[in-house]
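Here is a request for a close look at a single part of one protein model, followed by one connected answer.

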Amino acid sequence: MLLGERAQVAVERALSEFRSGRPVLITSASDAMTALPVDGMTQGMLVAFRRLSRPVRPFLLVTGRRAHAMGVETSGPTGIALPDFCSAGEIFSLAAGSRTSCHLDVIAVGARARAAIQLAKQAHRLPALLIGGGNSAVMRACEPPLVAVPAEAVAACRRAAAAAVSFAAEVTIPLSGFSARFVVFRDGNGGTPMALVVGSPDLTEPVLVRLHSACLTGDVFGSRRCDCGDQLHLALMQLAQHGSGIVLYLEQEGRGLGLVNKIRTYQLQDEGLDTVDANGVLGFEDDERDYGIAARMLQTLGCTRVRLMTNNPSKLEELSRAGIDVSGRVPLHGPITADNRRYLAAKAARSGHQLDHVFSELGGISRDP
């Protein structure tokens, strides 16, 4: 079911506020709360938020995975009590640091907490927020007034964004050795995912398709830390040799974390964590991507049957669940280097990627976490 226009606008405005580091009011049928991303919060913003929330003392909201990394066993979003004089820097360290040694007092949270976390993730902010009271009279008195968004609207936002995917523009561009038709779309959140169509795929047969999540460091700058750039180039080469196919270039940097948070996971990996644990320390799931937009792009292109170019079995499952007939998998094995071998080993052993060449070359690693 699509969001109503008013609710959709509220979500879009709330996302814009979070991207700008400003608080929003998250409402339910009986209550409301204010939420401010910890990511980018200055000391001045913290003081203003405390003043706004009086007489309620703000607390820190984190995901279940972040709580686990902090030593708190929980199955979902968790509130953490904060001292009165905790600084903005100390709160950020508590929300994203690799080590937490202080005693933590847990605060129970309700359904609106999940909406706040999801909103932060969709805005590509750290999924950690300062939560205050929801006195509507005080909120309306703010200048400008706080944006209010219903919690249930946030939960439906991703589905609405995928359903709203529409064609925007296209052009044929010559590449190295072949040409491709670049078809740009718009989604319901203002994103511009793109399809590269090589040749003239026979849509009556399964089409060779690559779902490629944007990787600025690997695709553009040739980072050897991951295999993203290698997989993109291999996919394009294979499509050129095959004579036709489609690459969907999706705005899902860092498996859906966004560029800033991906770089933060790299910092944690430099401290010794692997890619899976680094995501968890920041409060993210191993993979935060949603393939509803990809499915809608393919359907708009008239492509409903595919052979998927991937090493990741979960992509087949997710795309099938989104309504695309996936008839097979084509592996994409790039080179193993001294720089990416640890990353590839973690993907193979802990995330289930079909990378048998990694096991063969490295030896001694197990598929079990």
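Q: Looking closely at strand β6 (residues 128-132), how many of its residues are buried? Please go on from there to its strand partners, and then to other parts of the chain.

A: The model is a predicted one, and what follows is to be read as a description of that prediction. In strand β6, which spans residues 128-132, five of the five residues are buried, and the strand is mostly covered. The two faces can be taken separately, because in a regular strand the side chains alternate between the two faces of the sheet. On one side of β6 stand Ala128, Leu130 and Gly132, on the other stand Leu129 and Ile131, and all of them are buried, which leaves both faces of the strand covered.

The pairing of β6 involves two other strands. Strand β2 (residues 32-37) runs antiparallel to β6 and is joined to it by four bridges, and within this pairing alanine 35 stands opposite isoleucine 131. Strand β3 (residues 59-62) also pairs with β6 in the antiparallel sense, over four bridges, and here phenylalanine 59 has isoleucine 131 as its bridge partner. Isoleucine 131 is thus met by alanine 35 as well as by phenylalanine 59, while its own side of β6 is the one that it shares with Leu129.

Elsewhere in the model, seven strands make up an open sheet of mixed pairing, in the order β8-β9-β10-β12-β11-β13-β14. Its edges are formed by β8 (166-174) and β14 (325-330), each of which pairs on one side only, and neighbouring strands of the sheet are turned by 25° against each other on average, with direction ignored. Inside this order, β10 (residues 194-198) and β12 (residues 245-250) pair in the antiparallel sense over five bridges, with leucine 196 having valine 247 of β12 as its bridge partner. Helix α13 lies across β9 (179-186), β10, β11 (207-213), β12 and β13 (305-309), and runs at about 140° to β12.

Helix α13 (292-300) also takes part in the lining of the largest pocket, as one of the elements that give two or more residues to it, alongside α1 (5-19), α5 (111-122), α7 (151-163) and α10 (253-256). The volume of the largest pocket is about 620 Å³. Of the 26 residues that line it, His124, Asp187, Glu251, Gln252 and Ile293 lie nearest its centre, and by class the lining holds nine nonpolar, eight polar and nine charged residues.

Two acidic residues and one further helix can be set beside this. Glutamate 12 lies in helix α1 and is partly exposed, because its relative accessible area is 32%, a value between the limits of 20% and 50%. Its C-alpha atom is separated by 9.4 Å from that of valine 154, although the two residues are 142 residues apart along the chain. Aspartate 230 lies in helix α9 (residues 228-242) and counts as buried because its relative accessible area is 13%, which is under the 20% limit. Leaving aside its neighbours within four places in sequence, aspartate 230 is in contact with Arg224, Gly334 and Pro335. Helix α15 (residues 341-350) is largely enclosed by the rest of the structure, because seven of its 10 residues are buried, namely Tyr343, Leu344, Ala345, Ala346, Lys347, Ala348 and Ala349.

Notes. Residues numbered from 1 in each chain as written. Predicted model: local features only at pLDDT ≥ 70, side-chain atom pairs only at ≥ 80, totals over all residues. Heavy atoms only, no water. Buried < 20%, exposed > 50% of the residue type's maximum accessible area, 1.4 Å probe, protein only. Contact = heavy atoms within 4.5 Å. 1 Å grid on protein atoms, 1.4 Å probe; cavity = no way out; pocket = protein on both sides within 12 Å on 5 of 7 lines; lining within 4 Å. Points joined across faces, edges and corners; volume = space filled by probe spheres on them. Nonpolar A, V, L, I, M, F, W, Y, C, P; charged D, E, K, R; others polar. Pairing = 2+ DSSP bridges. Axes fitted to C-alpha atoms, helices over the stretch in contact; angles between N-to-C directions.
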